[in-house]
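Trainee: I have a new structure to go through and I'm not sure where to begin. Could you walk me through it, one piece at a time?

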Amino acid sequence: MEVKHALISACESALARLVQNRTALDATESAITVLEDDPSLNAGYGSNLTLEGTVECDAALMDGATGNYGSVGAISGVKNPICAARTVLRHAFISDPLGRIPPLLMVSRGAETFAQNQGLPCVSPELMISPRAQADWERWKTRLDSVCAGIDVPEDNFPRSSGLRDIQDTVGAIAWDPDGGLAAGVSSGGLLLKHSGRIGEAATFGAGCWAHQLASNDVSCSFGGVACSVSGTGEYIMRCVLAKTIGEKLLSGRGEDTHDVLHEVLENFHVVCRSLGDNEAHAGVLLLVKERDEAGTVNARLWCAFTTENMAVGYASSLNPQPKVSTSHTHQTHMCLDFSANLLSD
């Protein structure tokens, strides 16, 4: 119920920006800001804690129209990491007096100082720790310490249904604005008990989010653009450059079906994970596609695909502004779902 409420609020916030003729980038940032403020999710205030018991967040944004990208990693004390990622992206537009190349990614103290200099709200790092995250950390740190000390811990204290890897509700958003612009973003507190300084897919170019749109006169492909946000087991998502791989395959001009592309990419993801000895790695994909029909009309198609047991998705549009939330379940290796009809019906 908490997650459903957060998703509805995020959709309402994003749609309000689009109604005001703001950009897809504004809408994506707005949606993720709402999700970062919710303590039930693993981003911003609800982030998982590091081995040392601190919050270190990753976040990224990408603009499909310009290709501009900005991300932050292992950042603490910034209330909304996605806003810090936006300042990095925005910095690319500022002319440098010495011609220095603007950064794509900024991390740790440097990213925090940069965000603060840009006027972003900063807080004491301790205030980013939610009660739920603190409780999870204490529980699993106790088990880790006990295992390392050779002390048996009753399995009843750690049911399989709440395994360490299950506590990773990373957030993401994608949007299409009235001018046809696309954007994608992602934000994460990372793995519970991760080593301090670890950077995940949410801060890695091409892994956690990707957006690209073709010129209106480019008819080489049946797709006019894509926006993709990915979460899951970051180390393997980074190896597969998952979001970029999905986007580039769809825009390759080979006419591949979206469902087939998602199936192929996630199957390859499983192959990579198994080759490295991991049969439990997971990924969740949120995908928005601009699809051209034979008459040249461009329509939106919204997809999700996941290898976890379930995935929650919230969505809304100007034609159907009442947010809807879908919590889908599967016991298969992966599942792909098309929400396009619900997105576009009035």
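Mentor: Let us begin with helix H3, which is mostly covered, since nine of its 11 residues are buried. Please keep in mind throughout that this is a predicted model.

Trainee: Okay, which residues in H3 are buried?

Mentor: The buried ones are Pro81, Ile82, Cys83, Ala84, Ala85, Arg86, Thr87, Val88 and Leu89.

Trainee: And what covers the buried residues of H3?

Mentor: The cover includes helix H2, strands S1, S2 and S3, helix H4 (108-117) and strand S5.

Trainee: Let's take H2, then. Glu29 is in that helix, so is it buried or exposed?

Mentor: Glu29 counts as buried, because its relative accessibility is 13% and the cut-off for buried is under 20%.

Trainee: What is Glu29 in contact with?

Mentor: If we leave aside the neighbours within four places in sequence, Glu29 is in contact with Leu61, Ile82, Cys83 and Arg86. Of these, Ile82, Cys83 and Arg86 are also among the buried residues of H3.

Trainee: Now the strands. How many residues of S2 are buried?

Mentor: Seven of the seven residues of strand S2, which covers residues 69-75, are buried, so the strand is largely enclosed by the rest of the structure.

Trainee: Which way does S1 run against S2?

Mentor: Strand S1 (residues 57-63) and S2 run antiparallel and are joined by five bridges, and within that pairing Leu61 has Gly70 in S2 as its bridge partner. The two strands form a hairpin with five residues between them, and Gly67 in the turn has a positive phi of about 80°.

Trainee: What about S2 and S3, parallel or antiparallel?

Mentor: S2 and S3 run parallel, with three bridges joining them, and Gly73 stands opposite Val107 in S3.

Trainee: There's a loop before S3 as well. Where is Pro102 found?

Mentor: Pro102 is found in the loop between helix H3 (81-91) and strand S3 (105-107), and it counts as partly exposed because its relative accessibility is 34%. Not counting residues up to four places away in sequence, Pro102 touches His91 and Ala92. If you compare it with Arg90, the two are 12 residues apart in sequence and 9.7 Å apart in space, C-alpha to C-alpha.

Trainee: Switching topic: how do S4 and S5 pair?

Mentor: Strand S4 (residues 171-176) and strand S5 (residues 182-188) pair in the antiparallel sense over six bridges, and the partner of Gly172 in S5 is Val186. They form a hairpin with five residues between them, where Gly180 in the turn has a positive phi of about 90°.

Trainee: Which residues other than glycine have a positive phi?

Mentor: Two to look at are Ser108, with a phi near 50°, and Val241, with a phi near 45°. They are worth a second look because most residues other than glycine have a negative phi.

Trainee: Where do those two sit?

Mentor: Ser108 is found in helix H4, whereas Val241 has its place in the loop between H6 and H7. Ser108 is partly exposed, with a relative accessible area of 32%, and Val241 is partly exposed too, with a relative accessible area of 29%.

Trainee: Then on to H7: which of its residues are buried?

Mentor: In helix H7 (residues 242-250), the buried residues are Leu242, Ala243, Ile246, Gly247, Lys249 and Leu250. Seen down the axis of H7, they fall within an arc of 165°, so they line one face of the helix.

Trainee: Why would residues spaced along a helix point the same way?

Mentor: An α-helix has 3.6 residues a turn, so residues three or four places apart point the same way.

Trainee: And what do the buried residues of H7 pack against?

Mentor: They pack against strand S6 (209-213), strand S7 (223-232), helix H6 (234-240), helix H8 (258-275) and strand S8 (283-292).

Trainee: Last one: how many cavities of 30 Å³ or more does the structure hold?

Mentor: The structure holds one cavity of 30 Å³ or more, and about 50 Å³ of space lies in the largest cavity. The largest cavity is lined by 10 residues, of which Ser188, Gly190, Arg198, Glu201 and Gly232 lie nearest its centre. By class, that lining has one nonpolar, seven polar and two charged residues.

Definitions and conventions: Residues are numbered from 1 along each chain as its sequence is written. This is a predicted model: local features need pLDDT of at least 70, side-chain atom pairs count only at pLDDT 80 or more; totals for chains, interfaces and linings use all residues. Side-chain values use heavy atoms; hydrogens and water are left out. Buried means under 20% relative accessible area, exposed over 50%, partly exposed in between (1.4 Å probe, protein chains only). Helices (H or I, at least four residues) and strands (E, at least two) are DSSP runs, numbered from the N terminus. The arc is that of the directions from the helix axis to the C-beta atoms. Contact means heavy atoms within 4.5 Å. On a 1 Å grid over the protein atoms alone, a cavity is a set of points where a 1.4 Å probe fits but cannot get out, and a pocket is an open set with protein on both sides within 12 Å along at least five of seven lines; lining residues have an atom within 4 Å of a point. Grid points are joined across faces, edges and corners, and a volume is the space filled by probe spheres set on the points. Ala, Val, Leu, Ile, Met, Phe, Trp, Tyr, Cys and Pro count as nonpolar, Asp, Glu, Lys and Arg as charged, and the others, Gly among them, as polar. Two strands pair if DSSP finds at least two bridges between them.
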